[in-house]
Amino acid sequence: MSEPRRWSDYPLVQLTRVRYREFFREPEAVFWVFVFPLLLAAGLGIAFRNRAPERTVIGVVAAPGDTALLAALRSSRELQASAMTDSAAAQALRTGDVVLVVSRTPAGGIEYRYDQTRPESRIARLLADNALQRAEGRQDPVPVRERLVEERGARYIDFLIPGLLGMNLMGSGIWGLGFAIVDARKKRLLKRLIATPMSRWQYLASFALSRLTLLFLEVGLLLGFAVLVFGVPMRGSLPLLLLICLLSSLCFASLGLLIASRAQTIEGASGLMNLAMLPMWIFSGVFFSSSRFPETIQPFIQALPLTAVIDALRGNVLRGAGLAAVAPELAIILGWMVLSFGLAVKLFRWR
């Protein structure tokens, strides 16, 4: 009677253990998966931290002895007015050193020179006009008051963290798995595995399964850093967040397997990976909202897997969205995962 097989003797288990060892023996892979996202989050979080609004720089062209115009503009707490000649002001406006040029007209009125396509110029025009009108004695017919608030979840760093997490899941899934397979094929290691008692799907599944253990460390480090250092809110349920990350990781791992299923060289695989990821880097809303793009291409953008991942993460983390709210995004992620893995198994070649 033969001795029953231990769970560790199965090919899928052995292959998955090999994937872990390969990963942790590559310092570069550990850096890009775990360290780089933290450095990027820290740098962007510090650069775009909440702070007092900076004063907008404007140029003032005033005639000799006309101190009232400059004094009125300098009385505004939001403006930094600098006296300039007409030619210097035109040059400063052209090079972006100032966003608005203010001058008097021959009739005694005020002229505003600015580029209407720049939002900061339009804001500066309103601020300058308000300061000048008040200096001439304008009174507001309706009393107003301001109540300034600062809410966690509305800051740029809060918006950024789910985008960085989605981008990291994509990069580690596609790059981490794709390069490993192509490198093994290039070194002719895959050719030797044909004789072993394992199937094609077991070999590919071992790459996807190896991502699961690393996933908890990858997600936990970035989100823990964001919560502890920047106070990013976590408003959704943790099990749903883990489900989103799990499906996302498997989706991008499947895409990586598909890209590497036929590639013969590292250079060829790198080109295919960049071709697949470049549209998602640009359109999926990692650093700014994808809604900024025209309506005509929104169906294409919403169909991208990274868009679905980031939208689901932001919905869970920032708005506390439940399973029903993120179900459409999860369906897109699941569809990409099943399709990519199925094609990878069908197209994969050992040689």
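These are my notebook entries on one predicted model, taken topic by topic.

**Entry 1: the whole chain**

I started with the overall inventory. The chain carries 13 helices and 4 strands. I then looked up burial and found that 40% of the 351 residues count as buried. For the accessible surface of the chain I noted about 19,700 Å². Carbon and sulfur atoms own 62% of that area. Next came the contacts between residues at least 6 apart in sequence. Of these, 72% join residues at least 24 apart.

**Entry 2: helix 12**

How far apart are the end C-alpha atoms of helix 12, and does that agree or disagree with the expected span? Helix 12 covers residues 305-319, which makes 15 residues. At 1.5 Å a residue, these should span 21 Å. I read 20 Å between the end C-alpha atoms, which agrees.

I then checked how covered this helix is. The burial count is 13 of 15 residues, so helix 12 is largely enclosed by the rest of the structure. I also looked just past its end. There G320 adopts a positive phi of about 70°.

**Entry 3: A308**

I picked A308 as a sample position within helix 12. Is A308 buried or exposed? Its relative accessible area is 1%. The cut-off for buried is under 20%, so A308 is buried.

What does A308 touch, leaving out residues up to four places away in sequence? I listed E329, I332 and I333. A general point helps me read such a list. An α-helix has 3.6 residues a turn, so residues three or four places apart point the same way.

I also logged a distance from A308 to P328. The two are 20 residues apart in sequence, and their C-alpha atoms lie 8.2 Å apart.

**Entry 4: W336**

I moved on to W336, which sits in helix 13 (residues 323-347). The relative accessible area of W336 is 30%, so I filed it as partly exposed. Its contacts, with residues up to four places away not counted, are C251, L255, A303, L304 and P305. P305 falls within the 305-319 range of helix 12.

I took one more C-alpha distance here. W336 and S248 are 88 residues apart in sequence, yet 9.5 Å apart in space.

**Entry 5: cysteines**

C251 came up among the contacts of W336, and I checked its burial. At 0% relative accessible area, C251 is buried. I did the same for C245. Its relative accessibility is 1%, so C245 is buried too.

How many disulfides does the structure hold? I found 0.

**Entry 6: salt bridges**

I searched for salt bridges next and got 3. I took them in turn.

D86 pairs with R113, and their closest N and O atoms are 2.8 Å apart. This pair links distant parts of the chain. D86 belongs to helix 4 (residues 86-95), R113 to strand 4 (residues 110-113), and 27 residues separate them. I looked up accessibility for both. D86 is at 43% and counts as partly exposed. R113 is at 24% and is also partly exposed.

E111 and R113 form another salt bridge, at 3.9 Å from N to O. I read 36% relative accessible area for E111, so it is partly exposed.

E120 and R118 meet in a salt bridge as well, with 2.9 Å from N to O. E120 is partly exposed at 34%. R118, at 21%, counts as partly exposed.

Which residues are joined into one network by salt bridges that share partners? They are D86, E111 and R113.

**Entry 7: a nonpolar surface patch**

My last search was for nonpolar side chains on the surface. V227, L228, V229 and M234 form such a patch. Together they have about 380 Å² of accessible area.

I followed up on L228. This residue lies in helix 8 (residues 200-230). Is L228 buried or exposed? Its relative accessibility is 76%. Exposed means over 50%, so L228 counts as exposed.

Conventions:
Residues numbered from 1 in each chain as written. Predicted model: local features only at pLDDT ≥ 70, side-chain atom pairs only at ≥ 80, totals over all residues. Heavy atoms only, no water. Helix = DSSP H or I, 4+ residues; strand = E, 2+ residues; numbered from the N terminus. Expected span 1.5 Å × (residues − 1). Buried < 20%, exposed > 50% of the residue type's maximum accessible area, 1.4 Å probe, protein only. Disulfide = S-S within 2.5 Å. Patch = residues over 30% accessible without salt bridge, like charges linked within 9 Å, V, L, I, M, F, W, Y side chains within 5 Å. Areas by Shrake-Rupley, 256 points an atom, 1.4 Å probe, with all protein chains shown as cover. Salt bridge = Lys/Arg side-chain N within 4 Å of Asp/Glu carboxyl O. Contact = heavy atoms within 4.5 Å.
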